[in-house]
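Trainee: Could you take a close look at one helix pair for me? I'd like to hear how the two pack together.

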Amino acid sequence: MSATLSRGSLQPGQQKLAEKFTILNDRGIGMLTRVYNIKKACGDPKAKPSYLIDKNLESAVKFIVRKFPAVETRNNNQQLAQLQKEKSEILKNLALYYFTFVDVMEFKVCTVNFDLTKNYLDLVVTYTNLMMLLSRIEERKAIIGLYNYAHEMTHGSSDREYPRLGQMIVDYENPLKKMMEEFVPHGKSLSDALLSLQMVYPRRNLSADQWRNAQLLSLISAPSTMLNPAQSDTMPCEYLSLDAMEKWIVFGFILCHGVLNSDQAALSLWKLALQSSTCLCLFRDEVFHIHKAAEDLFINIRGYNKRVNDIKECKEQALSHAGLMHRERRKFLRSALKELATVLSDQPGLLGPKALFVFMALSFARDEIIWLLRHADNIQKKSTDDFIDKHIAELIFYMEELRAHVRKYGPVMQRYYVQYLSGFDAVVLNELVQNLSVCPEDESIIMSSFVNTMTSLGVKQDGDVFDFRGMRLDWFRLQAYTSVSKASLGIADHRELGKMMNTIIFHTKMVDSLVEMLVETSDLSIFCFYSRAFEKMFQQCLELPSQSRHSISFPLLCTHFMSCTHELCPEERHHIGDRSLSLCNMFLDEMAKQARNLITDICTEQCTLSDQLLPKHCAKTISQAVNKKSKKQTGKKGEPEREKPGVESMRKNRLLVTNLDKLHTALSELCFSINYVPNMVIWEHTFTPREYLTSHLEIRFTKSIVGMTMYNQATQEIAKPSELLTSVRAYMTVLQSIENYVQIDITRVFNNVLLQQTQHLDSHGEPTITSLYTNWYLETLLRQVSNGHIAYFPAMKAFVNLPTENELTFNAEEYSDISEMRSLSELLGPYGMKFLSESLMWHISSQVAELKVRAVDSVLKRMTIIGVILSFRSLAQEALRDVLSCHIPFLVSSVEDFKDHIPRETDMKVAMNVYELSSAAGLPCEIDPALVVALSSQKSENISPEEEYKIACLLMVFVAVSMPTLASNVMSQYSPAIEGHCNNIHCLAKAINQIAAALFTIHKGSIEDRLKEFLALASSSLLKIGQETDKTTTRNRESVYLLLDMVSHILPEEMFPKGDLENSFRRESYTKN
């Protein structure tokens, strides 16, 4: 395009055009950013300057606006008096706004005299957008007037820029109309620049079918030329933004509208642009409705009726066809970019020769996405189908994939183009320069520097940092020198030189400006200003299973946001940075939640299937088999046979899709997205998508485990440990399978969650399965044992319901047999079982405290309760030992060996440490360390150790002499079948042994001696029963005798006449039988 620059004489004021264009274009964007922020601030009640909304200042502000730009400050003291108090604050707070308007005025002065093509058109459009955006700030007069009034009150005179600034604000009330007058002298220059697009724009603005027929962007359509470098006579125009060209054409021909009546080519170009869109972007989310504005401008110009009719026709065309055309383009680009990304991921070396294709694809896709975003937010037709694209995420995803390829393989591209520049471009350019018939000295120096720079490049320099910005600026200068009239070397006469230099400039950008090229062709930071549409697109993406694999493109877009900031407006960096962080966080969180919900649904299905395999469900199957074998007729004829577990896996038709299949498919798609990038950096913050999923899985797994206990506090119902364990294992199996979809450490999730479940409360302060089961066993099962509804059967190693008037809501055996206790140990682990033991011991210590102040019946009852609790604990400890022996057999055997070989003379503190270790492994100990700790905490400061010791001895005496009273109890009868008594007095033996061992360990007494004394007292008391004549008192004498055997099992044979006990056992067995 540089070869088609408008010609005019190069005036002294037009020197250094290249530098001026570069600086002014950048400054123009900065000014737009500042004015945009002022407009948004004034439109937001929270950010609006307080002076504009203060009721006390309302009349003063209205007066200033009404009189703007002139304010008679001296004659209106009453209306402006309130401002006098605020003048210093007004000066301070409105200075940024005021001087931004001053900068806009200075920018306006600088731009009206320049004539070069792309940069010239960019500058014209930037200037137009700036003035239009300025006119949309409703409070501009109030801000400028307030500041100037405060300035005059403070300094005694108006600000020196105020007269010009005020006049500019008044002149540009209707900016387009004013600029149409302003650009009359520049009509020829502007129209010539615009007409240079008559070959470029129509070629870019083609339909999807035309693109498809031309096999645009396809690398595999011509395999033989796949390695050939992509070439074009107009290299920079191939990836030039279509959106930018439309703005040039629409705004440009409005400013130089006269050419529309005189040049058919200009009219055709303008009408084509009007048919493509209904609105254009002024800046960010500020739009310009083309047809209405153009019609309002032209309707008042004489002789423009045809143009007004043209505008109306183009509007109808745009409303009826533009949406469909762009929708088809997006559809084509999705497949084209997918193919391109797939080929380049397999053969990244093609990024060298086919780099142009990549940037064309990115530019085309970016234009279509921005078009959709802009028009979807400004719909002007009833039907919205063309502006809702549920597959937009896919297009963005392939753009991100191409961008990732360019960033990853940048060194490959750099190496390729370094060799290209030095080995081919330098040679061709040198020949072209040598063949020039006329070449002035300045131009010759620049050309020679180009050739020398490229020739000096080499492969050995690949590690160096390249910088061709000076070379590109020199080419810009050369275009300016050679594009004016009377130039010795006219660029228009040497088109091959212009084409070659444009190609070289593109090649240099492939070496040192890949990041800038990605921003130029694929920056989508505009989504930052369409937050609502952005979030809606994301939700649509998640709702459509086929698109959820592309949902990662939305968080990736947040990495673009900071590229829209400008150094002239640093104050918005934090605002945009925070918005990018919050949106990215929200997107990743929603993706993780969606994946978590899918996983939860799969777990629920798997738990249902696992539940079908529980033993309780096989009774009916066994019954049917027995009936079939004995040929018994069932009650119902033709009763359908029950489906066995596993039938769901038998597929008769591969087209049949189950709910589980759908869930797995949806999960694999979403996990692909979560696993797509290991992390992303946004505004110096690093986001890791997988960690979001891990976090959500931990929270949900925790809630699910607690929820699967089905604990009901009102009815005291809870799931059986074995059933909960089955469900947890099914859940864990599903979670382990997640590692097939996404690279997360699921073992870490298990460790974090399951270890927390072994504690009383989790990290969020919520109850765990340890606390729930501990409370249930203590408050429900063992309380019913105390109430006489449940008995401990040693033969069965379980607690069993007793027949009573009020049936219990649960079967105790189903919660306390060995298999259930092993399941409980698996769930709670050693830590949880230790907590259970400590809770049991706390209850025992409270019972022991009550023993000291109770009557005979109460003492025996409480000792029985203690025995029941200790029996339950022995079941739990045995189950824990069995479980640990399976998981860590070598460690358990080492602990057991250590315990069994403690020397007798070992210090008790050392021995207690060993016992504590053994108890934690579930091994039985002579002295229960947990019980010792619990009882030790009851020591009273007011009682001396000697007194405590005496009380302990007297307690044992009290129990011994109370035992004969048990013989009169009807429920004290011994049952050989259960190896115990229905009133649980057989548990007294364990209570006596354990309590005695603990108490005399605490008080440093001889356990064996105290037990001998106990047996002597107990036997003497029991033998006296034989002298009783009352049968009611001695009805269960023999059953009570057997208690002594249970107590004395640790003592030698000679210490007690065990023959008498054997006779009692025989008599009890005979009586029972």
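Mentor: Sure, let's look at the crossing of H19 and H20, which is left-handed (left-handed if the near helix is turned anticlockwise from the far one by less than a right angle, right-handed if clockwise). Bear in mind that this is a predicted model, where local features need pLDDT of at least 70, side-chain atom pairs count only at pLDDT 80 or more, and totals for chains, interfaces and linings use all residues. Numbering starts from 1 along each chain as its sequence is written, and side-chain values use heavy atoms, with hydrogens and water left out. The chain's mean pLDDT (the predictor's confidence in each residue, from 0 to 100) is 85, with 90% of residues at 70 or more.

H19 covers residues 410-434 and H20 covers 441-455; their axes come within 8 Å and cross at roughly 160°. Helices here are DSSP runs of H or I, at least four residues, numbered from the N terminus. Axes are lines fitted to C-alpha atoms over the stretch in contact, with angles from 0 to 180 degrees between N-to-C directions. That crossing angle makes H19 roughly antiparallel to H20 (over 145 degrees).

As for who touches whom (contact means heavy atoms within 4.5 Å), H19 brings Leu-421, Ser-422, Asp-425, Ala-426, Leu-429, Asn-430 and Val-433, while H20 offers Met-447, Phe-450, Val-451, Met-454 and Thr-455. Sort those residues and you get eight nonpolar, three polar and one charged. Nonpolar takes in Ala, Val, Leu, Ile, Met, Phe, Trp, Tyr, Cys and Pro; charged is Asp, Glu, Lys and Arg; the others, Gly among them, are polar.

Key: Helix = DSSP H or I, 4+ residues; strand = E, 2+ residues; numbered from the N terminus. Parallel < 35°, antiparallel > 145°, perpendicular 65-115°, else oblique.
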